[in-house]
Every structure is written in structure tokens, then in C-alpha cells.
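The exercises below concern the structure shown next. Work through each task before reading its solution.

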Amino acid sequence: MHNVWLIARREYMERVRTKGFLLATILIPCAMAALIAGSSYLMARTKTNSHIAIVTSDKQLGEDLKSKLENGKHSEMQVDLWKPSEMSRASLNAQLHNSGSKLAGYLWIAEPTQAGARPTFEYHARSAGDVSTEDSIESSVDAVVSREGLLKRGLSAQEIDTITAPVDIDTSSSGNMRVAFFVAYFFFFLMYMVIMLYGMNTARSIIEEKTSRVFEVLLATITPDQLLAGKILGVGAVGLTQILVWMVAALVLASTPYAAGLMGGGAAQAPVSVAQTLYFLLYFVFGFLLYSSIAASLGAMTNSEQELQQLNLFLVVPLAFCMVMVFTIVKAPDSVLARVVSLIPFCSPLLMNFRTSLTYVAPWEIVLSIVLMTLTILGVIWVSSRIYRVGILMYGKKPNLPEILRWLRYS
Amino acid sequence: MPIVELQNIRKVYDTKVAVEGLSLAIEPGTMFGLLGPNGSGKTSTIRMMIGMTVPDSGSVRLFGQPFQRSLLGRVGYLPEERGLYKKMKVLDQLVFLGQLHGLDETTARKRALGWCERMEIVEAIGKKTEELSKGMQQKIQFIAALLHEPELIIMDEPFSGLDPVNAELLMRTLIELRSDGKAVLFSTHRMDQVEKLCDAIAIIYRGRLVLSGSMREVKGRYTRNRVQAVFTGSDAFLRHPSVLQANNYAGVAEITLTASEQAQEVLAAAIANGTQFQRFEVIEPTLEDIFIETVKATAEYAEDGGRVDA
């Protein structure tokens, strides 16, 4: 155990002292802050503010649409009303093709050919890709036309308002679902990112001894599994340190009134429960150890970074599988499939944690998942340490599968 | 009680036999040379001594006990392929390696500084390993193997890549360690070094022990029937009946006699004939001669098509 500690401490100290670590630790929260500030700035500006023209002979319809588009929930457009005529069509077309003009498009409303039928709507846009303007127009037209239809059928304006008022579903009994969902998602991606980032670091640090040929000195006093375990813990501690720094930075950021305003009033009370945070930490540690030990076995099999890149796949595929399963689990977190999949050791860290934040998970499931993960970690380290020792001492080359199987039987 | 005792060890990798039926013993206070051409099984043998690999059959005993990892704290090992952490400072590195060998930090630091002084690399202490020359790195590795004051020092090709001045320093240090009663084992394929340093040797060829014993014993087994002569005047003595074979390189002759006691007779005959000698020396067979002769005598050598890359 003392040797594992020595290896881990050296790994930690050497990594934390590098400029790269310092830069990443400082720059990533800065980038995070910049991203939040940038997106909030953009969010404030995402109301559609294009300039369009509406051509109609129905004055009432035109005015209603105009007011809806200019002061709507999602749009702050500038709307001109035109009377239909060949001249106005020609003039509008000319404006659309003139790059100096700000006109984004025009909506041509033709009177219904039969009485009682709906008018036809035709939108001519400058750019076919201006989807948000098109969407705003469509939803406004929908609203206005149905309102007019209702008015014609004799309902009062007040009655119409009551009917069309948006429904607010109360979900407070099961907690704020939306927030819970986003928090679960956030944790999922955080874990995914960190595993990808630091898993590969573990593999690299194991190759380090091979390329610098230090392993032979080390193996004269310690065993390969001590070396691998020390490496996994050392690199893991670096990852945890960095995440803690970021978490603190994030908390500081979140406590500023700026961020609170951004999230809206609903997020003012803590969106993350204590249990959720504890589960996250628990599964984070296990997920990290598990994926690091897989990465360690990849490092044990290879002798250079290039070879390692080719085996990257083994780390990515289980993670990608979890990503796919997330969608199934979101819909039915208590289904048999979800329960089975979240017990697979390679998926537990991501999926079991995800489930705990969506639904009630029986304690035995959590205990079982942790037992399975622990066994897997020990097994993977055992296998990799054999591959490591036999591989470097005998050949110094990348083994193929039958060779690996044969090596496992060597003493 | 021998420090190292290998009994009939055998190691096979896949189909290649690395070591076969090898037995040897190293006594305390000896300088032991493990000789053999490249790929003959020297490194495999050493790795089995320190438990990096386990022999398929046979037994390894260290310090009179069957091998166990806890005994490794009393062994210092310098591997053939040198390696240090490139980005680490020299002192940190030595302290780390010392701690891995069971020293506490203070002792490791103190001894590391002492050794740096002894090996004349004080100026390197604060530098990163990658900034140092190859020779310096090798000295650091040498120190790393000795920090914990091992009773058995195993060095795989310790002199390769060192300049003569540093090789001399290293040899001197090894001799001092031997006089302190430690057992030193080193492997090499450079025979001239072994001749000066070793008390005992073992020659292995293709995984088998072909010759072993104390230096005196080994050399005694071979007759002193060779003469080197530097002369002027008649070279008639080269055709004396006791001369088996002679090469004359313009006044420097290498002579092989039929028997070692014939030397005086040949010399007397030559002087009587008026030949003047600057030098007439009966020489021992060099270890290199013995090595080549021994290897050539093995069955494997014939199999190999008569090549030795010593």
C-alpha cells in the first residue's frame, strides 16, 4: 500500500506542478464564464426582429397580425402594411432583391375565392433559411386567424382570451421536473467529459514509464498492479482537484446576482439536492476508477501514443452506449431495460446516477451496482497488470488478442 | 552462505528457450561477472533473480532464503535499458526512488546528496533529468540503485555508453563496494573489463551455462602456452620444434607452444642463435580467448553456423 501511495503522490505532484494544469484550471472556468455571458447576451437578442411587409386588403386582419408580430412573446418585428396591387408586388420584389434594403420578406394574403373559406397566405423571403421569422409569422397567423374565426362565430373577445389562455401544469408535487432533468443531464455530461479527458491521461501516464524505460527500475521493487493502481489514483486525484476548483468557481459564479437573473426566478432555490450531489460524487469516483482502469489496460497493451489512439475506441464505445441508453431511460426510468442496463458496471456510473436523479432507485440496486463496479475495477487491474508485465518484459510490442489471452496464463 | 543461488532454472518464452538448466552461486564480497553474447539469456537470468519474472522450473534463493519480494529491499538493480523520469528534478527523482526502496524521505535526501558528491555530479542536483548528458543520467541511475545500501548489487551492462573517465570512476566505486563486503554482479559482453574486475565469472551461451568458477580457477584450466616476443635478429627460433604455430608481424611475434614448459627452451635456443629480445613474455590466455574457445566447443555453436557476436 505504501508503494501505491508513493507512486500516486509522485504522479499527483508532478502533474499539478505543470503549467498545463495551471492553465487548464484557470482558463476553463474563464471560458465557462465567457460562454455563460455570451449566451445570455445572445439569448436576450434572439427575439425575431426582422423587418417584413404584410400585403392584405383586410385591414382588421393586417392590424391584428402587425400588433402580434411587433409585440409578441417571441418577436419584435417591424411590420409594414401594404395594399395588394401589381405595383406593390413589383416594388416589394425589387426591395427583396436589393441588398441595401432591410426587408426580410413579405406575406401576401389573398382573399378567399369563396365566402366563408380561409384566405390563402404566401410568404416570399429574402433567404430561404430564415426559419425563425417564418415560424413567428406562422404562429401569429394561426393565432390571429383562429381568433377572427371565433369572433365571427359570435364569441366575445373576453371569452376568446379565456379559451386561448396557455395552460400551466402544476408539477410541484414531484419537484421541478424540468430543473431535475437538466441537472441530471448536466451531471451526465460533466462525468462523460471528465472520464474522456482523464481516462486518456491515465493511459498516457502508463505509457510514460515505457517510453522513458523507468519501469524496469520500478518493477525491481514494486509489482505491476501496485504501479497501475498508483497511477490510476494519482491521475484521478489530479482530475478531482481540477473539478473541485471548477465547482468552487461555478458556485461563486452562480451566487452572483447576474447568474441568478439569468436562470430566472425558478432556479433561485438550489436546483441540486444534497442526495443528488452525494450520488454524483459516489458514482463519479467509481466511474472514474473504472474507466481509468480500462484506460490503464489500454496503456499496458501499447507502447506509444499513436498505438493508444487506435485503441481509444474501447473507451468511447461504452460511453457512447450510455449516451444512447439515456434517451430510453429518460422515458421510462423504472423499466426492466433501464434497471438492467444501469447495473452493467461500465454503464452504472453514468446511468445509475442518471436514474437516481429521475426516479426512486431501490437501495439494493445501488449497493449491487457498486459491488459490481468494485469487482470489475479489481479484475481489470489484475488483467492489465499481467498484460503490462508480460508485454514489456518479453516483447516490447503491441500484442494481438490470442497473445493477450496466452499472457494471462503466464506467471 | 551464498548471496544468490540459482538452481537449475529454466525459462521458456513461447517457443524460445531463454534459460535452460542454469545453476550458479555468488558469495558475499565477490565481484561476479555474467558473460555471454547478446541474446544469450543474461538479462533473463537477472530478471529471474529479482522476481521480475518467475522461472518455469528450478529455484532462486537470495540471502540464503527462498525468493520472496520482501528481500528485494536488500538488492540494488541497474537495468540494461536506462530510464529516468525526464521532467523530474534529479534530487526529487533520487528521493522518490529511494523511498520506493523503503527509505524515509530525510535519509533518502541525505544519501542522495552524499552520492552526488561522490559521483561528481553536484551541479546536476537541481536540474531536470532531460537537461543532462547521457553519462550524467547514467550516474544518477547508478546512484538510484545504491541509495538503500543494498547487500547485493546487480548491474546489467553498467559500462555501456560511458566514457573512459566515468567508466573508471564507476569501476572504482564498484571495487569499494566489494571491499565493504557487498556482492556485486554485473553482466557484460566486454571481456577486458571483466578480466580486471571480477573474482568469479559465469559464461552463458544460448541460455546454458558453459563455464563458471573463480577467475583464477577458470584461467588455470587453460594452459599458458602462448608467448609474445619483440625481437631483432634471426627469427630461426620461430621454427623450433616446440613451436606449434607462430605469426611474425615484423619483429613482433605471437607464438603458440606445444606445452607451456617449453618457453624457456625456446628462449635459450633463440639467444644462443644471437636473437636480441626487447620482450619475451609468456602470456595467460585472455578471457576473450577462453570465451571464444569455450563457446566454439559447444554443440549450440555448431548449430548456430559458427557465429558469435561477442
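**Exercise 1.** What does the accessible surface of chain A come to, and what percentage of it belongs to carbon and sulfur atoms?

*Solution.* The accessible surface of chain A is about 21900 Å². Carbon and sulfur atoms hold 66% of that surface. Accessible areas are computed by the Shrake-Rupley method with a 1.4 Å probe, and for residues only the protein chains shown count as cover. For chain B, the exposed area is about 13800 Å², with 48% from carbon and sulfur atoms.

The model is predicted: local features need pLDDT of at least 70, side-chain atom pairs count only at pLDDT 80 or more, and totals for chains, interfaces and linings use all residues. Residues are numbered from 1 along each chain as its sequence is written, chains are lettered from A and ligands numbered from 1 in the order in which they are written, and side-chain values use heavy atoms, without hydrogens and water.

**Exercise 2.** State how many helices and strands each chain has, and what percentage of its residues is buried.

*Solution.* Helices (H or I, at least four residues) and strands (E, at least two) are DSSP runs, numbered from the N terminus. Chain A has 17 helices and four strands. Chain B has ten helices and 14 strands. Next, a residue is buried if its relative accessible area is under 20% (exposed is over 50%, partly exposed in between; 1.4 Å probe, protein chains only). In chain A, 41% of the 411 residues are buried. In chain B, 51% of the 310 residues are buried.

**Exercise 3.** Describe the interface of chain B and chain A, beginning with its residues and area.

*Solution.* Begin with contact, meaning heavy atoms within 4.5 Å. Chain B and chain A each bring 28 residues to it. The buried area, which is the accessible area (1.4 Å probe) lost by two parts on being put together and summed over both, is about 2700 Å². Carbon and sulfur atoms give 54% of this area. On the chain B side, B:M52, B:Y85 and B:L100 lose the most area to chain A, together 25% of what that side buries.

**Exercise 4.** How many salt bridges does the rule find across the interface of chain B and chain A?

*Solution.* The rule asks for a side-chain nitrogen of Lys or Arg within 4 Å of a carboxyl oxygen of Asp or Glu. Two salt bridges across the interface satisfy the rule. A salt bridge joins the side chains of B:D92 and A:R17, at 3.7 Å from N to O.
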